[in-house]
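Please look through the following model together with its sequence. The report below describes a few places in it and then turns to the whole.

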Amino acid sequence: MAIKFDFSKAYNLNELEKYYGQGEENLEKVLNKNSEGSDFLGWVELPKNYPEEELNKIKKAAEDIRKKANYLVVIGIGGSYLGTKAVENSLKPYFEADDEFKLIYAGHHLSSTYLNELVKFLKDKEYCINVISKSGTTTEPAIAFRILQRELEEKYGEDAKNRIYVTTDREKGALKKLSLQEGYETFVVPDDIGGRFSVISPVGLLPLAAKGVDIDKLLDGFKKGQELFTVVNGKENPAIKYAIIRYLLHSEDNKDIEILVNYEPSLTYISAWWKQLFGESEGKDGKGIFPASVDFTTDLHSMGQLIQEGKRNIFETVIEVENPMEDIEIPFDEQNLDGLNYIAGKTLDYVNKKATEGTRTAHVKGEVPNISIVLDRIDEENLGKLLYFFEISVSISGYLLGVNPFNQPGVEEYKTQMFKLLGKPGFN
């Protein structure tokens, strides 16, 4: 299947039998859209039903952007950029050529230094903007867009409107109103897809297509994920097993923290996307497993001690890659001052895999259960499968915890307090 799962070092699989029925029932709630949050399940069947007309519109706009510009500034926060960044970062080279078309992200924090430096950087660059916000009034992207829109208009004059692409609500909101006034090309944030599930929509597909990602292959991965992970059979469906094992580790073994691990730095933003997906979906009503992440082997030299011997309230889910994009052989050295001749002639990926295997053995021995997800390679199709796997799993898992996995009421409280301090009208 090009994506494999090993749950044997996390839980006794023989003990899962009595829980399969509950997992299957929760998956059916998702598929039949008959439980809490059912209004936000448009992503479930979208892979096999993606509108051809919209896909063609995305591809045409992406082609236009690449003709006009060397940079696309993606303005958005949370689900409006994390899925895009996760896929882009996984696929692009670590060291890109200077003339390579690039995505730049803005509106995902409130750093004045970052935005000011970005404004200066773009002064002599050819660029377009893709602003992504359902309401158009979310503070971070709204501020970034107000500033960068002004800069774009000063640089390009009347032509600025042809360099702004808006992804927003179909009918209402500040950005929709502005787009109609100014004539910006618009794409729709679907009403029935929440931000953290929205990478398979214009939210993610437009900037990824502009970057040069093969979005057809990405969608194929989502389609295959839909085939694999919507099977209502606990024995056969890894998404059901993953959700149940997480629940049991949490409820029976007091594992309150799940760490997503990778051994390939390009997957760092997969972890960032995953943390929003699980944190925002499960963390409510005083419940939830805290999602954390590490990059190994790097973080073995900082977090390894705590994971090995700290409080026994954690488990790990490890993403492994069978075939790296590239590999390199370790040379023989006559002096051998570094003592590495015992692995001379081996490849670096061989060493990385032995580090993975050794770390798993040590952590399991240290009472840290380990779940393993193995991709045969990092490509668009496998990423689509992986993202869909996590999306289905968190849906089942949220229902197991007894929460609505598709809302996020708690994110409004910090905004209320911030607006009071800023003196926003209506927040006295």
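S80 is found in the loop that runs between β2 and α3, where helices (H or I, at least four residues) and strands (E, at least two) are DSSP runs, numbered from the N terminus. With a relative accessibility of 16%, S80 counts as buried; buried means under 20% relative accessible area, exposed means over 50%, and partly exposed is in between (1.4 Å probe, protein chains only). When its neighbours within four places in sequence are left aside, S80 is in contact with I132 and V203, contact being heavy atoms within 4.5 Å.

This is a predicted model, in which local features need pLDDT of at least 70 and side-chain atom pairs count only at pLDDT 80 or more, while totals for chains, interfaces and linings use all residues. Residues are numbered from 1 along each chain as its sequence is written, and side-chain values use heavy atoms, with hydrogens and water left out.

Helix α4, which covers residues 112-122, has L115, L118, V119 and L122 as buried residues. These four cover an arc of only 100° around the axis, so they lie on the same side of α4; the arc is that of the directions from the helix axis to the C-beta atoms. E117 and K120, on the other side of α4, are exposed. The cover over the buried residues of α4 includes the strands β2 (71-75), β3 (102-106) and β4 (127-132), as well as helix α5 (139-156).

Another residue with a described setting is L386, which has its place in helix α13 (residues 380-401). L386 counts as buried, because its relative accessibility is 0%. Not counting residues up to four places away in sequence, L386 touches I3, I270, I319, I373 and L375. One of these, I319, is 67 residues from L386 along the chain, and the C-alpha atoms of the two are separated by 9.7 Å.

K92 belongs to the loop between α3 (82-91) and β3, and with a relative accessible area of 23% it is partly exposed. From K92 to K102 there are ten residues in sequence and 9.8 Å in space, C-alpha to C-alpha.

Some backbone geometry also deserves a look. Most residues other than glycine have a negative phi, and most peptide bonds are trans. The table lists two residues that have a positive phi although they are not glycines.

| Residue | Phi | Loop between | Relative accessibility |
|---|---|---|---|
| K33 | about 55° | α1 (20-32) and α2 (52-68) | 36%, partly exposed |
| D285 | about 55° | α10 (268-282) and β8 | 60%, exposed |

The peptide bond from F296 to T297 is cis, with omega near 10°, and T297 lies in the loop between β8 (290-295) and α11 (304-309).

For the protein as a whole, the secondary structure comes to 14 helices and ten strands. Its C-alpha trace spans about 65 × 65 × 45 Å along the principal axes. The radius of gyration is 23 Å, which agrees with the value near 22 Å that a compact globule of 428 residues would have; this radius is taken over C-alpha atoms, and the globule rule is 2.2 Å times the number of residues to the power 0.38. Buried residues make up 50% of the 428 residues. Among contacts between residues at least 6 apart in sequence, 78% join residues at least 24 apart.
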